[in-house]
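Student: Before we go through this model, could you explain the reasoning behind each label you use, so that I can follow how a value leads to a conclusion?

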Amino acid sequence: SESIDSLQEVLSSFCGRVRKLIDQTSIASVTKPLKVAFTDLPGGAEAFELMTRFCYNNVGTRMTPQTTCLLHSVAHFMEMTDGGVSSPVNLLKLIEKSLEGIPCWSWSEIVRALRQCQDLFPAASSSGLMDRILDSLAGRITAANDASPAVSSPESSAFRFSFDTRSTMSTKNCNHRAWWFEDLVVLNPAMIEKIVNSMVLHKVDHVLISRFLAHYLKSAASNASSDKKEAAETIINLLHSLDASCVSCRGLFGVLRISSALKISKCCQSKLESIIGNKFDQATLDNLLVPAPSGTKSLYDVNLILRFLKYFLRIEGRKSITQLKQAGSLMDSYLAEVAPDSSLKPLKFVALATALPDEARDSHDAIYGAIDMYLEVHTQLSGEEKMKMFCAINYEKLSSESCKHLASNRKFPSRTVIRALISQQSKLRSLLKEVNQSKKRSDALPKANPSKENRFSDDEQIILYAKKVDLSTENEKLKSQLQGMQWKVMELERICRKMQAQMARATKKNRTVSPSNARSLPRLCS
């Protein structure tokens with residue numbers, strides 16, 4: 001009983017919270033020794049032992065960073081603002097004096113202090129201790145990255161850092177900008193969020209921050225004891241807050257691969273898809289070949305790609321023609337990969353083919369090839385489904401080789417062949433018209449006095465113009481292809497005329513047999 005009374009007396013002289021409890025029992029006329037259980041004491045039994053040692057021995061003049069963090073949190077919790085009866089020493093003042101030496105703490109001591117703070121949260125946060133340590137950590141990263149390579153290590157003497165062999169980074173990697181990545185993966189997602197926010201305030205390069213976040217998530221995914229879902233959602237929210245131009249597309253797809261198996265919230269999923277979608281033109285074909293979710297028959301997740309394209313075109317006016325064409329080339333490759341998938345629905349295939357505006361492609365040869373492959377695999381499509389696919393082709397953007405292939409392709413109806421023929425004829429007429437106009441402008445130029453020099457000049461102009469128009473190569477090929485297509489059209493016209501003659505004879509016969517019941521038949525061909 002005497003020891004308990006002595007402990008109460010000593011603690012009450014230093015701790016305002018204990019003193020208040022004793023005063024309350026005195027008012028209630030409680031004669032028994034006071035028994036108090038601080039179940040929410042920051043740091044638990046270890047912190048309480050450090051506090052009592054200080055109260056009895058005034059130990060605190062030489063505190064390590066770890067004990068400083070413990071005592072700082074428990075001192076605020078216990079309201080230790082007085083120096084006590086036997087000594088004028090104030091624990092909070094001693095701790096504040098110790099915290100002034102944070103710039104002298106080694107890098108490993110800073111990391112250990114942060115681990116201590118995350119165990120003491122929210123006590124460490126409410127007391128302001130965590131903010132001071134975070135500020136020091138972010139400042140060191142900023143200073144190291146801004147320094148020359150010779151002094152860019154985490155423990156450079158130029159920044160009052162002492163290299164600690166307990167750090168997980170080796171000496172040969174200390175000059176790398178990512179020297180601090182591995183040291184911080186031991187912290188929980190809540191602490192990582194605070195660290196990143198502090199680094200943003202210190203204007204740390206967003207490219208470096210995004211690389212660290214991707215590294216952290218990869219490490220968390222391989223750690224069986226970590227909360228992978230919480231880590232993924234935290235990382236996605238932080239990436240969404242950074243400058244989008246500083247986030248690597250490759251890293252984003254890495255985050256997507258990890259998070260897709262964790263059933264993250266729809267909000268975080270939409271944020272990640274929007275970031276990737278806005279950078280769609282920077283992706284690669286391998287990035288887009290994401291396996292379909294379990295339970296679906298398709299090989300690839302085409303719905304995900306359609307959502308990417310939706311975000312990519314959400315602010316279409318801000319996309320340059322270069323970005324659109326890059327996206328168009330990427331989608332052409334993707335269509336060629338997914339076309340042989342027997343489980344891919346025709347509506348989804350058409351949606352992929354028509355998702356981008358027409359200016360995203362200079363040629364529709366790839367779309368024609370993908371549709372041809374799709375029809376090769378999917379032989380049971382209805383006429384309506386096929387027509388929707390044929391409408392996805394801009395026949396004016398087909399090359400002569402594709403038109404030649406189309407003319408002999410039985411999977412495409414005759415009307416598509418005619419459309420291709422008409423578009424090619426229009427291209428040829430436009431080209432010939434341009435040639436004639438250029439020739440007229442050339443003829444309209446004033447003639448100089450005939451001389452050998454002028455004749456050579458005219459000949460050179462004709463040769464240069466012929467090279468520009470290139471009639472002897474491309475146009476000759478185009479004409480030969482057109483002749484083949486025209487032959488097919490003539491054959492179709494011959495069959496049409498034959499059918500007209502047969503219909504005329506049938507109509508005449510019907511009129512002769514039953515003139516009253518005669519009726520006009522529609523013309524099949526004109």
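Student: Why is isoleucine 141 called buried?

Tutor: In this predicted model, isoleucine 141 has a relative accessibility of 0%, and since buried means under 20%, isoleucine 141 counts as buried. Isoleucine 141 lies in helix H8, and, leaving out residues up to four places away in sequence, it touches Trp107, Trp179, Trp180, Met199 and Val204. With tryptophan 180 the separation is 39 residues in sequence, yet 7.9 Å in space from C-alpha to C-alpha.

Student: Arginine 140 is in H8 as well; what makes arginine 140 count as buried or exposed?

Tutor: The relative accessibility of arginine 140 is 4%, and because the limit for buried is under 20%, arginine 140 counts as buried.

Student: Which backbone oxygen lies 2.7 Å from a polar atom of the side chain of arginine 140, and what makes that a polar contact?

Tutor: The backbone oxygen belongs to tryptophan 105. A polar contact needs a pair of N or O atoms within 3.5 Å, and the distance here is 2.7 Å.

Student: What makes the pair of tryptophan 180 and phenylalanine 212 tilted?

Tutor: The structure holds 10 aromatic pairs. In the pair of tryptophan 180 and phenylalanine 212, the ring centres are 4.9 Å apart and the planes stand at 45°; rings pair if their centres lie within 6.5 Å, while planes under 30 degrees apart would count as stacked and over 60 as edge-to-face, so this pair is tilted. The two rings come from distant parts of the chain, 32 residues apart, with tryptophan 180 in the loop between H8 and helix H9 (181-184) and phenylalanine 212 in helix H11 (residues 206-221). Both tryptophan 180 and phenylalanine 212 are buried.

Student: How do you know that phenylalanine 349 and tyrosine 374 are stacked?

Tutor: Their centres are 4.5 Å apart and the angle between their planes is 20°, which is to be set against the limit of under 30 degrees for stacked rings; the pair is stacked. This pair also links distant parts of the chain, with phenylalanine 349 in helix H18 (residues 346-353) and tyrosine 374 in helix H19 (residues 365-377), 25 residues apart. Phenylalanine 349 has a relative accessible area of 1% and is buried, and tyrosine 374, at 0% relative accessibility, counts as buried too.

Student: What makes Trp180, Phe181, Phe212 and Tyr216 a cluster?

Tutor: These four residues are linked into a cluster by ring pairs. Trp180 also appears in the largest nonpolar core, which has 121 residues and in which Ile133, Trp180, Ile195, Leu213 and Phe280 have the most contacts. Helix H8 provides the largest share of this core, eight residues.

Student: Which residues is isoleucine 133 in contact with, leaving aside its neighbours within four places in sequence?

Tutor: Isoleucine 133 is in contact with Cys69, Ile102, Trp105, Ile110, Ala113, Leu114 and Cys117, where contact means heavy atoms within 4.5 Å.

Student: How do you know that distant parts of the sequence meet across the protein chain?

Tutor: Among contacts between residues at least 6 apart in sequence, 71% join residues at least 24 apart. The chain's secondary structure comes to 24 helices and zero strands, and buried residues make up 40% of its 526 residues.

Methods
Residues numbered from 1 in each chain as written. Predicted model: local features only at pLDDT ≥ 70, side-chain atom pairs only at ≥ 80, totals over all residues. Heavy atoms only, no water. Buried < 20%, exposed > 50% of the residue type's maximum accessible area, 1.4 Å probe, protein only. Polar contact = N/O pair within 3.5 Å; in protein donor to acceptor, adjacent residues only side chain to side chain. Phe/Tyr/Trp six-rings, centres within 6.5 Å; stacked < 30°, edge-to-face > 60°. Helix = DSSP H or I, 4+ residues; strand = E, 2+ residues; numbered from the N terminus. Core = buried A, V, L, I, M, F, W, Y, C linked by side-chain atoms within 4.5 Å.
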